[in-house]
Amino acid sequence: MSRALPKYNKRRVAAVGGAAAVVLSGAVIAGSALAGEPGGGTKARPLAATGTITCPDVASRLPAVPATARAEVDRNLTLLTTQIREANNRLATSAGQGGPNFVQNAILGPLKDKRASTIDRIAIAIGRTTTKPQGLDSLAGCTLGGGQGATAPQQTGTGGTGADTGKGTGTGTGAGTARGTISCPDVASRLPAVPATARAEVDRNLALLTTQIREANNRLATSAGQGGPNFVQNAILGPLKDKRASTIDRIAIAIGRTSTKPQGLGSLAGCTLVK
């Protein structure tokens, strides 16, 4: 009888220990469940929940860009695109942070300062060999739109409308004024957060989109008076859409290698002629 008692006590201790483990596990599960409730976790809400930052297009407001300034202008136009993307990424990952002025003070304000410096560099580059464009600093400020799909189309070529007249000036000859300017939907502002592993490839293709629009505007300017009524659509806008579709698809594929592949970007391939 004296040898049986210890065995009983061992079984009793084991049972009590098992019950305690169950209680502890239940507490952990409950804590995990609470952490998943709204306000309990740290995962940011998607971009659509906070809106999208939209900025005035700079490229379409530039005069004809001298060949000597084109590379520097294009680099800074690409940087403007990168700045908007980074601001939208910050917007997405900081949802719920700060007070009522958080977006203005922490995102829109710094973005305006960065854009002002970049736009000034563009104006200086043009001004080295021709008249320095005035009034571009008014394009530095950006706004918060209601949702990701609310982003306004932005032109990203270097041949666009004049800052005063609103009419296209082209990047080749003055003939582009009569024709107008090619305007394309902005792709960068419609992208989700770009993984670091895809950033270089995405930036290269965003720069290529800029080049494609510039080349199309050059073709538009230098072909004034050519062809019939459908010349612009068949010879310029159609081929441009095909090029953009391939480039946009490469951007989506690059993001999709390490994250969710963005859908619906193909709808941004088509461009229009703005008189």
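This report walks through a predicted model of one protein chain, from its overall layout to a few single residues.

## Before you start

Residues are numbered from 1 along each chain as its sequence is written, and side-chain values use heavy atoms, with hydrogens and water left out. Since the model is predicted, local features need pLDDT of at least 70 and side-chain atom pairs count only at pLDDT 80 or more, while totals for chains, interfaces and linings use all residues.

## The overall layout

Let us begin with the whole chain. It has 7 helices and 4 strands. Here helices are DSSP runs of H or I with at least four residues, strands are runs of E with at least two, and both are numbered from the N terminus. Following the sequence, you meet these elements in the pattern α-α-β-α-α-β-α-β-α-α-β.

Of the 275 residues, 40% count as buried. Buried means under 20% relative accessible area, exposed means over 50%, and partly exposed lies in between, using a 1.4 Å probe and protein chains only.

## Helices H3 and H4

Two packed helices are described by the angle between their axes and the distance between the axes. For helix H3 (residues 67–93) and helix H4 (residues 102–127), the axes come within 9 Å and cross at roughly 175°. That makes H3 roughly antiparallel to H4. The axes are lines fitted to C-alpha atoms over the stretch in contact, with angles from 0 to 180 degrees between N-to-C directions. Angles under 35 degrees count as roughly parallel, over 145 as roughly antiparallel, 65 to 115 as roughly perpendicular and the rest as oblique. The contact of H3 with H4 has 17 nonpolar, 3 polar and 5 charged residues. In these classes, Ala, Val, Leu, Ile, Met, Phe, Trp, Tyr, Cys and Pro are nonpolar, Asp, Glu, Lys and Arg are charged, and the others, Gly among them, are polar.

Now look along H4 itself. Its 26 residues should span 38 Å at 1.5 Å a residue, and its end C-alpha atoms are 37 Å apart, which agrees. The expected span is 1.5 Å times one less than the number of residues. A kink of about 35° lies at leucine 108, shortly before proline 110. Such a bend is the angle between axes fitted to the seven residues ending at a residue and the seven starting there. The buried residues of H4 include Phe102, Leu108, Arg115 and Ile126.

## Helices H6 and H7

Further along, the axes of helix H6 (residues 199–222) and H7 come within 9 Å and cross at roughly 175°. H6 is therefore roughly antiparallel to H7. Their contact has 16 nonpolar, 3 polar and 5 charged residues. Arginine 204 is found in H6 and is exposed, with a relative accessible area of 56%. Its C-alpha atom is 9.2 Å from that of threonine 78, although the two residues are 126 apart along the chain.

H7 has 26 residues, which should span 38 Å at 1.5 Å a residue; the end C-alpha atoms are 37 Å apart, which agrees. You can find a kink of about 30° at leucine 237, shortly before proline 239. Among the buried residues of H7 are Phe231, Leu237, Arg244 and Ile255. Serine 246 is also in this helix, but at 40% relative accessibility it counts as partly exposed. Serine 246 and glycine 266 are 20 residues apart in sequence and 8.9 Å apart in space, C-alpha to C-alpha.

## The loop after H7

Leucine 265 lies in the loop between H7 and S4, and at 7% relative accessibility it counts as buried. Its C-alpha atom is 9.3 Å from that of isoleucine 251, 14 residues away in sequence.

Serine 267 is found in the loop between H7 (231–256) and strand S4 (272–274). Serine 267 is exposed, with a relative accessible area of 59%. A polar atom of its side chain lies 2.8 Å from the backbone oxygen of glycine 264. The C-alpha atoms of serine 267 and valine 187 are separated by 10.0 Å, with their positions 80 residues apart along the chain.

Definitions and conventions:
Polar contact = N/O pair within 3.5 Å; in protein donor to acceptor, adjacent residues only side chain to side chain.
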